[in-house]
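Have a look at the sequence and the 3D picture below, and keep both handy while you read. We'll take a walk through the fold together, one stop at a time.

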Amino acid sequence: MKKLFVLTALLSSTSALAAMQTITLSVPSMNCVTCPITVKKSLVNVDGVEKADVTYATKLAIVTYDDDKTNVEGLVNATSNAGYPSILKD
Ligand SMILES: [Cu+2]
């Protein structure tokens with residue numbers, strides 16, 4: 001019985017890891033060094049976002065999120081609502 005419980009816990013933690021996604025968004029309207037702060041804040045406030053690295057020099061946002069909780073559209077909406085429209089970079 002105990003073994004079964006451990007196995008179940010192991011399987012559910014594996015599927016939680018599998019749900020993490022990392023994408024790169026292009027945020028062309030960032031025009032100064034403080035813009036990334038606003039963009040990053042908008043992204044990390046989205047439920048499910050674990051990490052957001054936003055760089056002014058490249059105008060890119062690299063976002064790690066749980067795809068059970070949000071998706072690309074949710075991330076794009078978050079930056080757009082903060083005044084910085086973004087698009088998925090592939
Ligand atoms: Cu700025």
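What follows is a tour from the overall layout down to single residues.

Before we set off, keep in mind that this is a predicted model. Start with the big picture: the protein has 3 helices and 4 strands. If you trace the chain from the N terminus, the elements come in the order α-β-α-β-β-α-β. The protein has 90 residues, and 32% of them are buried. Now think about who touches whom. Take the contacts in the protein with a separation of 6 or more: 62% of them are between residues 24 or more positions apart. You'll meet some of those long-range partners along the way.

Our next stop is the metal. Which residues hold the copper ion? The protein donors are Cys32 and Cys35, each using its SG atom, and they lie 2.1 Å from the ion. The two cysteines differ in how much of them is open to the outside. Cys32 has a relative accessible area of 30%, so it is partly exposed. Cys35 has 4%, which is under the 20% cut-off, so it counts as buried.

Now move on to helix H2, which covers residues 35-44. One of its residues is Ile37. Is Ile37 buried or exposed? Its relative accessibility is 57%, and because anything over 50% counts as exposed, that settles it. Ile37 and Tyr56 are 19 residues apart along the chain, and their C-alpha atoms are separated by 9.4 Å.

Further along in helix H2 you'll find Ser42. This one is buried, with a relative accessible area of 11%. Leaving out neighbours within four places in sequence, Ser42 is in contact with Ala78, Thr79 and Ala82. Try finding Asn77 too: it sits 35 residues from Ser42 along the chain, yet the C-alpha atoms of the two are separated by 9.4 Å.

Two of those contacts of Ser42 lead us straight to the way helices pack. Helix H3 spans residues 72-81, and its axis comes within 8 Å of the axis of H2. At what angle do the two axes cross? Roughly 135°. That value is not over 145, where roughly antiparallel would begin, and it is outside the 65 to 115 range for roughly perpendicular, so H2 and H3 are oblique to each other. The crossing of H2 past H3 is right-handed. On the H2 side, the residues that meet the other helix are Val39, Ser42 and Leu43, while H3 brings Leu75, Ala78 and Thr79. Sort the residues of this contact by type and you get 4 nonpolar, 2 polar and no charged.

Next, let's visit the loops. Asp47 is in the loop between H2 and E2. With a relative accessible area of 57%, Asp47 is exposed. Beyond residues up to four places away in sequence, Asp47 touches Lys69 and Thr70. Asp47 and Leu75 are 28 residues apart in sequence, while their C-alpha atoms are 9.9 Å apart in space.

Follow that contact to Thr70, which lies in the loop between strand E3 (60-66) and H3. Is Thr70 buried or exposed? Thr70 has a relative accessible area of 9%, so it is buried. Not counting residues up to four places away in sequence, Thr70 touches Val46, Asp47, Val49, Tyr65 and Leu75.

Another loop, the one between strand E2 (49-55) and E3, contains Lys59. Check its backbone: phi is near 55°, a positive value in a residue other than glycine. Lys59 is partly exposed, with a relative accessible area of 29%.

The last stop is Ser86, in the loop between H3 and strand E4 (87-89). Ser86 is buried, with a relative accessible area of 7%. Which residues does Ser86 contact, leaving aside its neighbours within four places in sequence? They are Leu25, Ser26, Val27, Val76, Thr79 and Ser80. Pro28 is 58 residues away from Ser86 along the chain, but the C-alpha atoms of the two are separated by 7.1 Å.

How values were computed:
Residues numbered from 1 in each chain as written. Predicted model: local features only at pLDDT ≥ 70, side-chain atom pairs only at ≥ 80, totals over all residues. Heavy atoms only, no water. Donors = N, O, S within 2.8 Å, 3.2 Å for Na, K, Ca; no water. Buried < 20%, exposed > 50% of the residue type's maximum accessible area, 1.4 Å probe, protein only. Helix = DSSP H or I, 4+ residues; strand = E, 2+ residues; numbered from the N terminus. Axes fitted to C-alpha atoms, helices over the stretch in contact; angles between N-to-C directions. Parallel < 35°, antiparallel > 145°, perpendicular 65-115°, else oblique. Left-handed = near helix turned anticlockwise from the far one by under 90°. Contact = heavy atoms within 4.5 Å. Nonpolar A, V, L, I, M, F, W, Y, C, P; charged D, E, K, R; others polar.
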